Amino acid sequence: MNKLFAMFLSFLKIGAFTFGGGYAMVPLMQAEVVDNRKWITEDEFLDILVISQTFPGAIAVNTSIFIGYKISGVRGAVLALFGTILPSFFIILLIVSFFMQFRDNHYVSLVFKGIGAAVPAMILAAVISLTKSMKKNYLNLTIILLSVASISLLNVHPVIVILVSGLYGYFFLGRKVE
Amino acid sequence: MILLELFTAFLKIGAFGFGGGYAMLPLIEREIVTNNQWISYREFIDIIGISQMTPGPVAINSATFVGYKVAGIWGSVVATLGVVSFSFILVTIASHYIIKFKESRFSKSVLLGMKPALTGLVIAAFISLAKKSYLDVKSVIIGLIITAMLFSKRLHPILVIVAAGLLGIIFYSF
């Protein structure tokens with residue numbers, strides 16, 4: 001199968017089954033582009049995930065564009081973008097034009113209660129993927145704990161946390177990469 | 001012209017909405033409810049509810065929804081393109097340079113600092129979501145079953161989502 005077409009299909013799947021936004025898509029995206037297709041390595045995937053946080057816009061969209069570009073240049077980026085957004089686009093169109101009342105259906109609401117309970121588990125799987133790729137040392141543990149505390153307890157904006165940690169890396173961790 | 005206004009409003013949302021997903025909601029609300037008054041606050045709450053039930057980024061969902069309400073199919077096309085345009089241009093240019101300078105000391109050291117911080121971000125997202133999602137015993141049990149399925153790595157995540165929907169019917173029917 002044509003690589004670009006296969007890539008478009010993968011991103012359609014990702015767009016159609018990502019509930020709960022951004023981080024919940026990590027397990028699915030990893031299964032598609034890293035484990036099944038081996039288009040990029042796990043390390044590259046996690047780097048892209050990190051960089052995507054620093055850009056404005058939807059995280060799932062930014063990550064897809066990055067991966068698409070990495071796999072196949074600008075054409076790859078365009079296909080990844082449309083693959084990711086088309087499912088939500090058509091589903092929302094269907095809902096606003098026909099099924100505004102579908103939300104009140106008993107079984108539909110039960111299905112979504114189940115999915116709602118699954119989303120945090122998806123995000124937990126993303127945490128595990130991220131920690132697997134990191135060195136287990138006190139420095140990393142400290143940065144993790146400080147980030148959690150500043151977001152969960154002090155309500156610092158996540159982008160600020162990412163930028164500060166990037167600056168920290170630039171000024172203090174440079175010797176580690178040489 | 002309404003299509004152009006829709007495009008610029010969503011371009012702004014895409015360009016200034018840092019942090020993705022629910023972090024973008026206040027900005028979306030200001031643009032479409034307060035400034036342009038395209039939809040009411042109740043409809044805005046409706047969009048959030050629908051976004052939680054439908055796949056895809058909340059920014060895309062709200063762009064499509066509002067665009068349709070304001071100007072039909074073309075409205076939804078224009079608004080959706082608006083919200084992703086800035087990301088597309090910025091990320092494409094950035095990835096060009098990032099791939100080129102991937103091995104540089106600069107990007108390596110910056111990533112070394114950012115990776116654990118991202119882990120912290122995701123843990124924080126887990127905490128805030130788990131607090132809202134796990135309010136009864138049934139949801140905790142579903143969460144545990146799903147976690148086990150994900151970690152066994154035998155099932156594709158799509159099947160896990162389908163299983164979660166079935167578990168919802170099974171557990172909450174009784």
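# Notebook: a predicted model of chains A and B

**Entry 1. Fold of chain A.** I read chain A along its sequence and noted the pattern α-α-α-α-α-α-α. My tally for chain A was 7 helices and 0 strands. I recorded that the model is a predicted one.

**Entry 2. Extent and burial of chain A.** I looked up the box filled by the C-alpha atoms of chain A along the principal axes, and it is roughly 60 × 45 × 25 Å. Chain A has 178 residues, and 53% of them count as buried. I then turned to contacts in chain A between residues at least 6 apart in sequence, and found that 54% of these join residues at least 24 apart.

**Entry 3. Confidence.** I checked how sure the predictor is of each chain. For chain A the average pLDDT is 88, and 96% of the residues score at least 70. Within chain A, helix H5 (residues 106-132) has the lowest confidence, with a mean of 86, whereas helix H6 (residues 138-152) has the highest, at 93. For chain B the average pLDDT is 87, and 98% of the residues score at least 70. Which elements of chain B have the lowest and the highest mean pLDDT? I found the lowest value, 78, in H3(B) and the highest, 93, in H6(B). For the complex, the predictor gives an ipTM of 0.84 and a pTM of 0.84.

**Entry 4. Domains.** I looked up how each chain is divided. Chain A has domain 1 (3-133) and domain 2 (135-178). The C-alpha centres of these two domains of chain A are 25 Å apart. Chain B is divided into domain 1 (2-100), domain 2 (103-132) and domain 3 (134-174). I noted a separation of 26 Å between the C-alpha centres of domain 2 and domain 3 of chain B.

**Entry 5. Where the chains meet.** How many residues does each chain give to the contact? I recorded 87 residues from chain A and 80 residues from chain B. On the side of chain B that touches chain A, I listed the elements that give two or more residues: helix H1 (2-16), helix H3 (41-53), helix H4 (58-100), helix H5 (105-133), helix H6 (137-152) and helix H7 (157-172) of chain B. H5(B) supplies the largest share of that side, 26 residues. Sorted by class, the side of chain B that touches chain A consists of 49 nonpolar, 28 polar and 3 charged residues.

**Entry 6. A helix pair across the contact.** I followed H5(B) to one of its partners in chain A. Two packed helices are described by the angle between their axes and the distance between the axes. The axes of helix H7 (residues 158-172) of chain A and H5(B) come within 7 Å, and they cross at roughly 145°. H7(A) passes H5(B) in a right-handed crossing. Among the residues that make this contact are A:Pro158, A:Val161, A:Ile162 and A:Tyr168 of H7(A), and B:Phe106, B:Leu111, B:Met114 and B:Leu118 of H5(B). Glycines also take part, including A:Gly166, A:Gly169, B:Gly113 and B:Gly120. The residues of this contact divide into 13 nonpolar, 6 polar and no charged.

**Entry 7. A helix pair inside chain B.** I next looked up H1(B) and H4(B). Their axes come within 7 Å and cross at roughly 40°. The crossing of H1(B) past H4(B) is right-handed. By class, I noted 18 nonpolar, 6 polar and no charged residues in the contact of H1(B) with H4(B).

**Entry 8. Two single residues.** I began with A:Leu4, which is found in helix H1 (residues 3-17) of chain A. Why does A:Leu4 count as partly exposed? A:Leu4 does so because it has 16 C-beta neighbours inside 10 Å, whereas a buried residue needs 20 or more and an exposed one has 12 or fewer. Leaving out residues up to four places away in sequence, A:Leu4 touches A:Ser72, A:Arg75, A:Gly76 and A:Leu79. I also paired A:Leu4 with A:Leu146: these are 142 residues apart in sequence and, C-alpha to C-alpha, 41 Å apart in space.

I then moved to B:Lys102, which lies in the loop between H4 and H5 of chain B. Is B:Lys102 buried or exposed? B:Lys102 counts as exposed because it has 12 C-beta neighbours inside 10 Å. Between the C-alpha atoms of B:Lys102 and B:Ala9, 93 residues apart along the chain, I noted a separation of 34 Å.

Terms used
Residues numbered from 1 in each chain as written. Chains lettered and ligands numbered in written order. Predicted model: local features only at pLDDT ≥ 70, side-chain atom pairs only at ≥ 80, totals over all residues. Contact = placed C-beta atoms within 7 Å. Helix = DSSP H or I, 4+ residues; strand = E, 2+ residues; numbered from the N terminus. Nonpolar A, V, L, I, M, F, W, Y, C, P; charged D, E, K, R; others polar. Domains from an automatic or database assignment. pLDDT = per-residue confidence, 0-100. Axes fitted to C-alpha atoms, helices over the stretch in contact; angles between N-to-C directions. Left-handed = near helix turned anticlockwise from the far one by under 90°.
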